Amino acid sequence: MTTTLVRAARSQPVDRTPVWFMRQAGRSLPEYRELRQGNQMLEACRTPDLVTEITLQPVRRHNVDAAIFFSDIVVPLQAAGIDVVIEPGVGPVIAHPVRTQADIDSLPELTAEMMPDITESISRIAAELATREDTALIGFAGAPFTLASYLIEGGPSRNHEKTKAMMAGAPEMFSQLLAKLAAMSTTFIDVQLSAGAQAFQLFDSWAGYLSPRDYRTHVLPHSQRVFSDLAHHDVPSIHFGVQTGELLPAMSEAGSNVVGADFRVELTDASTRLKPGQALQGNLDPALLFAPWEALQPRIEQIVRDGLAHSGGHIFNLGHGVLPATDPEVPSRIVDEVHRISAALLSGDDPK
(Lines give C-alpha, C1' and ligand atoms only; values in the text may rest on other atoms or scores of the structure.)
Protein backbone atom coordinates (compact mmCIF):
# COMPACT_ATOMS: atom_id res chain seq x y z
CA MET A 1 0.00 0.00 0.00
CA THR A 2 1.28 3.48 -0.87
CA THR A 3 1.04 5.69 2.21
CA THR A 4 -0.83 8.99 2.31
CA LEU A 5 2.42 10.89 2.83
CA VAL A 6 4.07 9.31 -0.19
CA ARG A 7 1.03 10.13 -2.34
CA ALA A 8 0.98 13.74 -1.15
CA ALA A 9 4.73 14.05 -1.78
CA ARG A 10 4.14 12.89 -5.35
CA SER A 11 1.24 15.38 -5.67
CA GLN A 12 -1.24 12.51 -6.07
CA PRO A 13 -4.80 12.53 -4.69
CA VAL A 14 -5.23 11.96 -0.94
CA ASP A 15 -8.21 11.80 1.38
CA ARG A 16 -6.54 13.89 4.08
CA THR A 17 -3.47 16.07 4.53
CA PRO A 18 -0.61 14.03 6.03
CA VAL A 19 1.26 15.37 9.04
CA TRP A 20 4.66 14.89 10.60
CA PHE A 21 6.87 17.20 12.67
CA MET A 22 10.55 17.95 12.36
CA ARG A 23 12.22 16.93 15.65
CA GLN A 24 9.11 14.98 16.60
CA ALA A 25 11.42 12.25 17.87
CA GLY A 26 13.24 13.65 20.83
CA ARG A 27 13.52 16.21 23.51
CA SER A 28 9.88 17.28 23.90
CA LEU A 29 8.85 13.75 24.93
CA PRO A 30 9.30 12.57 28.54
CA GLU A 31 9.74 9.00 27.32
CA TYR A 32 12.64 10.17 25.16
CA ARG A 33 14.34 12.01 28.00
CA GLU A 34 14.02 8.95 30.20
CA LEU A 35 15.47 6.67 27.52
CA ARG A 36 18.40 9.02 26.80
CA GLN A 37 19.68 9.12 30.38
CA GLY A 38 23.27 7.96 30.57
CA ASN A 39 24.16 8.03 26.86
CA GLN A 40 25.61 10.67 24.55
CA MET A 41 23.76 11.89 21.46
CA LEU A 42 26.04 10.28 18.87
CA GLU A 43 26.13 7.07 20.91
CA ALA A 44 22.32 7.00 20.86
CA CYS A 45 22.28 7.63 17.10
CA ARG A 46 24.49 4.57 16.50
CA THR A 47 22.62 2.15 18.79
CA PRO A 48 19.82 0.33 16.89
CA ASP A 49 17.75 -0.46 20.01
CA LEU A 50 17.68 3.21 20.99
CA VAL A 51 17.22 4.53 17.45
CA THR A 52 14.29 2.20 16.81
CA GLU A 53 12.49 3.07 20.02
CA ILE A 54 13.12 6.82 19.75
CA THR A 55 11.96 6.93 16.12
CA LEU A 56 8.74 5.10 16.99
CA GLN A 57 7.85 7.04 20.16
CA PRO A 58 6.16 10.00 18.39
CA VAL A 59 4.37 7.65 16.00
CA ARG A 60 2.71 5.94 18.93
CA ARG A 61 2.03 9.14 20.86
CA HIS A 62 0.98 11.56 18.09
CA ASN A 63 -0.37 9.24 15.36
CA VAL A 64 1.69 11.15 12.79
CA ASP A 65 1.67 9.97 9.18
CA ALA A 66 5.43 9.43 9.09
CA ALA A 67 8.31 8.45 11.29
CA ILE A 68 11.50 10.46 10.77
CA PHE A 69 14.67 8.44 11.27
CA PHE A 70 16.30 9.46 14.55
CA SER A 71 19.82 10.57 13.77
CA ASP A 72 21.92 13.73 13.49
CA ILE A 73 23.34 15.52 10.49
CA VAL A 74 26.92 14.91 11.68
CA VAL A 75 26.50 11.12 11.97
CA PRO A 76 27.92 10.57 8.45
CA LEU A 77 30.99 12.60 9.42
CA GLN A 78 31.49 10.53 12.55
CA ALA A 79 30.87 7.29 10.67
CA ALA A 80 33.57 8.25 8.17
CA GLY A 81 36.07 8.72 11.00
CA ILE A 82 36.00 12.51 11.45
CA ASP A 83 36.53 13.58 15.06
CA VAL A 84 33.23 15.23 15.98
CA VAL A 85 31.30 15.41 19.24
CA ILE A 86 27.95 16.96 20.12
CA GLU A 87 28.41 19.13 23.17
CA PRO A 88 25.22 19.70 25.19
CA GLY A 89 24.06 23.28 24.84
CA VAL A 90 26.53 23.93 22.02
CA GLY A 91 26.00 21.45 19.19
CA PRO A 92 28.46 19.65 16.92
CA VAL A 93 32.11 20.51 17.54
CA ILE A 94 34.83 19.47 15.07
CA ALA A 95 38.22 18.67 16.62
CA HIS A 96 40.19 19.57 13.49
CA PRO A 97 38.36 22.13 11.32
CA VAL A 98 38.80 21.98 7.56
CA ARG A 99 40.59 25.12 6.38
CA THR A 100 43.19 24.11 3.78
CA GLN A 101 43.50 22.08 0.60
CA ALA A 102 45.40 19.45 2.56
CA ASP A 103 42.48 19.23 5.03
CA ILE A 104 40.05 18.63 2.17
CA ASP A 105 42.34 16.09 0.49
CA SER A 106 42.59 14.12 3.73
CA LEU A 107 38.85 13.82 4.31
CA PRO A 108 37.88 10.14 4.36
CA GLU A 109 35.30 8.56 2.08
CA LEU A 110 32.11 7.20 3.62
CA THR A 111 31.02 3.71 2.56
CA ALA A 112 27.97 1.63 3.41
CA GLU A 113 30.19 -0.92 5.15
CA MET A 114 30.99 1.70 7.81
CA MET A 115 27.33 1.92 8.87
CA PRO A 116 25.88 -1.55 9.57
CA ASP A 117 24.03 -0.05 12.54
CA ILE A 118 22.15 2.36 10.25
CA THR A 119 20.99 -0.53 8.08
CA GLU A 120 19.92 -2.47 11.16
CA SER A 121 18.08 0.48 12.67
CA ILE A 122 16.14 1.29 9.50
CA SER A 123 15.29 -2.38 8.95
CA ARG A 124 13.92 -2.69 12.47
CA ILE A 125 11.86 0.50 12.20
CA ALA A 126 10.49 -0.49 8.79
CA ALA A 127 9.44 -3.88 10.17
CA GLU A 128 7.62 -2.22 13.08
CA LEU A 129 5.87 0.28 10.80
CA ALA A 130 4.75 -2.51 8.48
CA THR A 131 2.23 -3.42 11.17
CA ARG A 132 0.66 0.04 10.84
CA GLU A 133 -1.57 0.62 7.85
CA ASP A 134 -0.50 4.11 6.77
CA THR A 135 2.78 5.35 8.28
CA ALA A 136 5.78 6.16 6.11
CA LEU A 137 9.43 6.10 7.17
CA ILE A 138 11.45 9.17 6.17
CA GLY A 139 15.23 9.02 6.04
CA PHE A 140 17.34 12.14 6.19
CA ALA A 141 20.75 13.72 5.90
CA GLY A 142 22.34 17.13 6.18
CA ALA A 143 22.94 18.97 2.91
CA PRO A 144 26.52 19.53 1.70
CA PHE A 145 26.62 23.25 2.54
CA THR A 146 25.44 22.77 6.12
CA LEU A 147 27.96 19.98 6.71
CA ALA A 148 30.68 22.14 5.16
CA SER A 149 29.86 25.01 7.50
CA TYR A 150 30.28 22.82 10.57
CA LEU A 151 33.57 21.46 9.24
CA ILE A 152 35.00 24.85 8.30
CA GLU A 153 33.80 26.80 11.33
CA GLY A 154 34.59 23.98 13.74
CA GLY A 155 31.08 24.12 15.19
CA PRO A 156 27.90 26.22 15.08
CA SER A 157 28.38 29.79 13.86
CA ARG A 158 26.35 32.98 13.97
CA ASN A 159 27.74 34.50 10.80
CA HIS A 160 29.59 31.68 8.99
CA GLU A 161 32.55 33.99 8.41
CA LYS A 162 35.14 31.30 7.67
CA THR A 163 32.71 29.38 5.45
CA LYS A 164 31.85 32.41 3.35
CA ALA A 165 35.50 33.46 3.20
CA MET A 166 36.46 30.10 1.68
CA MET A 167 33.43 30.16 -0.63
CA ALA A 168 34.34 33.60 -2.01
CA GLY A 169 38.12 33.46 -1.75
CA ALA A 170 38.82 29.86 -2.72
CA PRO A 171 35.76 28.76 -4.71
CA GLU A 172 37.43 25.75 -6.33
CA MET A 173 38.55 24.43 -2.96
CA PHE A 174 35.10 25.10 -1.54
CA SER A 175 33.51 23.19 -4.42
CA GLN A 176 35.82 20.23 -3.83
CA LEU A 177 34.75 20.14 -0.18
CA LEU A 178 31.05 20.27 -1.03
CA ALA A 179 31.50 17.55 -3.64
CA LYS A 180 33.02 15.25 -1.03
CA LEU A 181 30.23 16.03 1.41
CA ALA A 182 27.56 15.51 -1.25
CA ALA A 183 28.97 12.00 -1.73
CA MET A 184 28.78 11.40 2.04
CA SER A 185 25.17 12.60 2.25
CA THR A 186 24.25 10.47 -0.74
CA THR A 187 25.81 7.36 0.78
CA PHE A 188 24.14 7.98 4.13
CA ILE A 189 20.70 8.34 2.54
CA ASP A 190 21.32 5.47 0.12
CA VAL A 191 21.89 3.11 3.05
CA GLN A 192 18.61 4.24 4.63
CA LEU A 193 16.60 3.82 1.42
CA SER A 194 18.16 0.44 0.68
CA ALA A 195 17.14 -0.75 4.15
CA GLY A 196 13.50 0.32 3.83
CA ALA A 197 12.98 4.09 4.17
CA GLN A 198 10.20 5.24 1.82
CA ALA A 199 11.18 8.90 1.43
CA PHE A 200 13.98 11.21 2.50
CA GLN A 201 14.62 14.81 3.48
CA LEU A 202 17.79 16.76 2.72
CA PHE A 203 18.13 19.33 5.48
CA ASP A 204 20.12 22.50 4.72
CA SER A 205 20.09 24.20 8.11
CA TRP A 206 22.38 27.10 7.22
CA ALA A 207 21.51 27.79 3.57
CA GLY A 208 19.35 30.75 4.64
CA TYR A 209 22.51 32.69 5.47
CA LEU A 210 23.35 32.88 1.77
CA SER A 211 22.21 35.27 -0.94
CA PRO A 212 20.30 33.71 -3.86
CA ARG A 213 23.30 34.36 -6.13
CA ASP A 214 25.80 32.65 -3.84
CA TYR A 215 23.38 29.78 -3.25
CA ARG A 216 22.92 29.18 -6.97
CA THR A 217 26.61 29.49 -7.75
CA HIS A 218 28.22 27.58 -4.91
CA VAL A 219 25.61 25.34 -3.26
CA LEU A 220 22.79 24.36 -5.59
CA PRO A 221 24.90 22.15 -7.93
CA HIS A 222 26.00 19.97 -5.01
CA SER A 223 22.50 19.58 -3.60
CA GLN A 224 21.33 18.72 -7.11
CA ARG A 225 23.97 16.01 -7.21
CA VAL A 226 22.55 14.37 -4.09
CA PHE A 227 19.02 14.22 -5.47
CA SER A 228 20.25 13.09 -8.89
CA ASP A 229 22.40 10.29 -7.48
CA LEU A 230 19.49 8.97 -5.40
CA ALA A 231 16.86 9.17 -8.16
CA HIS A 232 17.20 5.46 -8.97
CA HIS A 233 15.46 4.64 -5.69
CA ASP A 234 12.27 6.21 -7.07
CA VAL A 235 11.08 7.48 -3.69
CA PRO A 236 9.79 10.96 -2.84
CA SER A 237 12.33 13.49 -1.66
CA ILE A 238 11.99 16.65 0.45
CA HIS A 239 14.32 19.65 0.52
CA PHE A 240 14.16 21.97 3.54
CA GLY A 241 16.18 24.88 4.85
CA VAL A 242 15.80 27.49 7.54
CA GLN A 243 15.21 31.17 6.65
CA THR A 244 15.14 30.19 2.98
CA GLY A 245 12.07 32.08 1.76
CA GLU A 246 14.18 34.02 -0.75
CA LEU A 247 15.92 30.83 -1.84
CA LEU A 248 12.78 28.79 -2.54
CA PRO A 249 12.84 29.33 -6.34
CA ALA A 250 16.43 28.06 -6.46
CA MET A 251 15.83 25.26 -3.97
CA SER A 252 12.90 24.07 -6.06
CA GLU A 253 15.42 23.37 -8.85
CA ALA A 254 17.52 21.00 -6.72
CA GLY A 255 15.50 17.98 -7.82
CA SER A 256 13.20 17.17 -4.88
CA ASN A 257 9.53 16.24 -5.11
CA VAL A 258 8.74 18.43 -2.11
CA VAL A 259 10.12 21.76 -0.90
CA GLY A 260 9.70 22.75 2.74
CA ALA A 261 8.84 26.31 3.77
CA ASP A 262 9.85 27.62 7.16
CA PHE A 263 7.48 29.77 9.23
CA ARG A 264 8.93 33.08 8.01
CA VAL A 265 7.18 32.88 4.64
CA GLU A 266 3.45 32.62 4.04
CA LEU A 267 2.47 29.30 2.55
CA THR A 268 0.61 31.09 -0.24
CA ASP A 269 3.80 32.97 -1.16
CA ALA A 270 5.90 29.81 -0.95
CA SER A 271 3.44 28.14 -3.31
CA THR A 272 4.20 30.66 -6.05
CA ARG A 273 7.96 30.10 -5.75
CA LEU A 274 7.99 26.38 -6.58
CA LYS A 275 7.94 24.57 -9.88
CA PRO A 276 4.41 23.80 -11.17
CA GLY A 277 3.04 20.67 -9.55
CA GLN A 278 5.83 20.44 -6.96
CA ALA A 279 4.58 19.52 -3.49
CA LEU A 280 4.91 21.87 -0.52
CA GLN A 281 5.67 21.10 3.13
CA GLY A 282 5.03 23.31 6.15
CA ASN A 283 4.76 25.57 7.93
CA LEU A 284 3.27 26.28 11.40
CA ASP A 285 5.52 28.38 13.65
CA PRO A 286 6.77 26.03 16.43
CA ALA A 287 6.43 28.84 18.98
CA LEU A 288 2.69 28.96 18.37
CA LEU A 289 2.35 25.54 20.00
CA PHE A 290 2.61 27.45 23.27
CA ALA A 291 -0.44 29.60 22.45
CA PRO A 292 -3.97 28.86 23.69
CA TRP A 293 -5.83 26.39 21.50
CA GLU A 294 -8.43 28.97 20.49
CA ALA A 295 -5.59 31.06 19.00
CA LEU A 296 -3.72 28.11 17.51
CA GLN A 297 -6.64 26.35 15.84
CA PRO A 298 -7.38 29.06 13.24
CA ARG A 299 -3.69 29.08 12.23
CA ILE A 300 -3.82 25.33 11.69
CA GLU A 301 -6.97 25.59 9.61
CA GLN A 302 -5.53 28.39 7.46
CA ILE A 303 -2.39 26.36 6.68
CA VAL A 304 -4.51 23.34 5.77
CA ARG A 305 -6.66 25.48 3.47
CA ASP A 306 -3.62 27.15 1.90
CA GLY A 307 -1.99 23.77 1.40
CA LEU A 308 -5.05 22.35 -0.33
CA ALA A 309 -5.13 25.40 -2.60
CA HIS A 310 -1.54 24.74 -3.70
CA SER A 311 -1.14 23.33 -7.21
CA GLY A 312 0.78 20.29 -5.93
CA GLY A 313 0.51 18.11 -2.86
CA HIS A 314 0.79 19.43 0.69
CA ILE A 315 2.37 17.87 3.78
CA PHE A 316 1.56 19.64 7.05
CA ASN A 317 4.60 20.28 9.23
CA LEU A 318 6.10 22.93 11.42
CA GLY A 319 8.24 25.67 9.94
CA HIS A 320 11.16 24.21 11.91
CA GLY A 321 11.54 21.67 14.72
CA VAL A 322 9.42 20.96 17.79
CA LEU A 323 10.77 23.10 20.64
CA PRO A 324 12.03 21.27 23.76
CA ALA A 325 9.48 22.70 26.20
CA THR A 326 6.48 21.90 23.98
CA ASP A 327 3.59 20.18 25.74
CA PRO A 328 3.48 16.79 23.97
CA GLU A 329 -0.29 16.86 24.03
CA VAL A 330 -0.31 19.77 21.57
CA PRO A 331 1.31 18.00 18.57
CA SER A 332 -1.11 15.10 19.08
CA ARG A 333 -4.05 17.50 19.01
CA ILE A 334 -2.68 19.20 15.89
CA VAL A 335 -2.48 15.87 14.04
CA ASP A 336 -6.12 15.12 14.84
CA GLU A 337 -7.18 18.62 13.80
CA VAL A 338 -5.29 18.58 10.50
CA HIS A 339 -6.80 15.19 9.65
CA ARG A 340 -10.30 16.36 10.62
CA ILE A 341 -10.21 19.66 8.74
CA SER A 342 -8.55 18.34 5.60
CA ALA A 343 -10.80 15.27 5.35
CA ALA A 344 -13.87 17.51 5.64
CA LEU A 345 -12.63 20.00 3.03
CA LEU A 346 -11.60 17.27 0.60
CA SER A 347 -15.02 15.65 0.87
CA GLY A 348 -16.78 18.99 0.35
CA ASP A 349 -17.98 19.38 3.93
CA ASP A 350 -17.73 22.34 6.30
CA PRO A 351 -15.04 21.55 8.93
CA LYS A 352 -16.56 23.89 11.54
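**Figure 1. The surroundings of phenylalanine 70 in the predicted model.** Leaving out residues up to four places away in sequence, phenylalanine 70 touches Ala25, Tyr32, Met41, Ala44, Cys45, Val51, Ile54 and Thr55. This close-up comes from a predicted model, and the same holds for the views that follow. Phenylalanine 70 sits in the loop between E1 and helix H5 (75–80). With a relative accessible area of 5%, phenylalanine 70 is buried. Threonine 52 lies 18 residues away from phenylalanine 70 along the chain, and the C-alpha atoms of these two residues are separated by 7.9 Å.

**Figure 2. The whole protein chain, to help you place the close-ups.** The protein chain contains 15 helices and nine strands. Its radius of gyration is 19 Å, close to the 20 Å that the globule rule gives for 352 residues, so the protein chain is as compact as a globular protein of that length. The C-alpha trace spans about 65 × 45 × 40 Å along its principal axes. Of the 352 residues in the protein chain, 58% are buried. If you take contacts between residues at least 6 apart in sequence, 73% of them join residues at least 24 apart. The accessible surface of the protein chain amounts to about 14100 Å², and carbon and sulfur atoms account for 49% of it.

**Figure 3. Glutamate 31 and arginine 61, a salt bridge between two helices.** Side chains of opposite charge can pair when their charged atoms come close. In this view, glutamate 31 forms a salt bridge with arginine 61, and their closest N and O atoms are 2.9 Å apart. The pair links distant parts of the chain, with glutamate 31 in helix H2 (residues 30–36) and arginine 61 in helix H4 (residues 48–62), 30 residues apart. Are these two side chains buried or exposed, or something in between? Glutamate 31 is partly exposed, at 23% relative accessible area, and arginine 61 is partly exposed too, at 27%.

**Figure 4. Arginine 124 and aspartate 49, a salt bridge that joins H7 to H4.** The side chains of arginine 124 and aspartate 49 meet in a salt bridge, at 2.2 Å from N to O. This pair also links distant parts of the chain: arginine 124 belongs to helix H7 (residues 116–129), aspartate 49 to helix H4, and they are 75 residues apart. Arginine 124 has 32% relative accessibility and counts as partly exposed, whereas aspartate 49 is exposed, with a relative accessible area of 54%.

**Figure 5. A salt-bridge network with arginine 16 as one of its members.** Here you can follow Asp15, Arg16, Asp65 and Asp134, which are linked in a network of salt bridges. Within this network, aspartate 15 forms a salt bridge with arginine 16, the closest N and O atoms being 4.0 Å apart. Arginine 16 has a relative accessible area of 19%, under the 20% cut-off, so arginine 16 counts as buried. For the wider setting, a search of the whole structure finds 16 salt bridges. The protein chain carries 28 positive and 42 negative side chains, and the centres of these two sets lie 3 Å apart.

**Figure 6. Arginine 7, a buried charge without a salt bridge.** Arginine 7 is placed in helix H1. What is the nearest side chain of opposite charge to arginine 7? That side chain is aspartate 15, 4.7 Å away. A salt bridge needs a nitrogen-to-oxygen distance within 4 Å, and arginine 7 has none although it is buried. Apart from neighbours within four places in sequence, arginine 7 is in contact with Thr2, Gln12, Pro13 and Val14.

**Figure 7. Serine 11 and asparagine 63, two residues with positive phi.** Serine 11 has a positive phi of about 60° although it is not a glycine. You will find serine 11 in the loop between helix H1 (4–9) and H2. Serine 11 is partly exposed, with a relative accessible area of 30%. Asparagine 63, another residue other than glycine, has a positive phi near 60°. The loop between H4 and strand E1 (66–68) holds asparagine 63, which counts as partly exposed at 39% relative accessibility.

**Figure 8. A cis peptide bond at glycine 282 and asparagine 283.** The peptide bond that runs from glycine 282 to asparagine 283 is cis, and its omega is near -5°. Asparagine 283 belongs to the loop between strand E8 (279–281) and helix H14 (293–309).

Notes: Residues are numbered from 1 along each chain as its sequence is written. This is a predicted model: local features need pLDDT of at least 70, side-chain atom pairs count only at pLDDT 80 or more; totals for chains, interfaces and linings use all residues. Side-chain values use heavy atoms; hydrogens and water are left out. Helices (H or I, at least four residues) and strands (E, at least two) are DSSP runs, numbered from the N terminus. The radius of gyration is taken over C-alpha atoms; the globule rule is 2.2 Å times the number of residues to the power 0.38. Buried means under 20% relative accessible area, exposed over 50%, partly exposed in between (1.4 Å probe, protein chains only). Contact means heavy atoms within 4.5 Å. Accessible areas come from the Shrake-Rupley method with a 1.4 Å probe; for residues, only the protein chains shown count as cover. Lys and Arg count as positive and Asp and Glu as negative; His and the chain ends are not counted. The place of a charge is taken as NZ of Lys, CZ of Arg, CG of Asp or CD of Glu.
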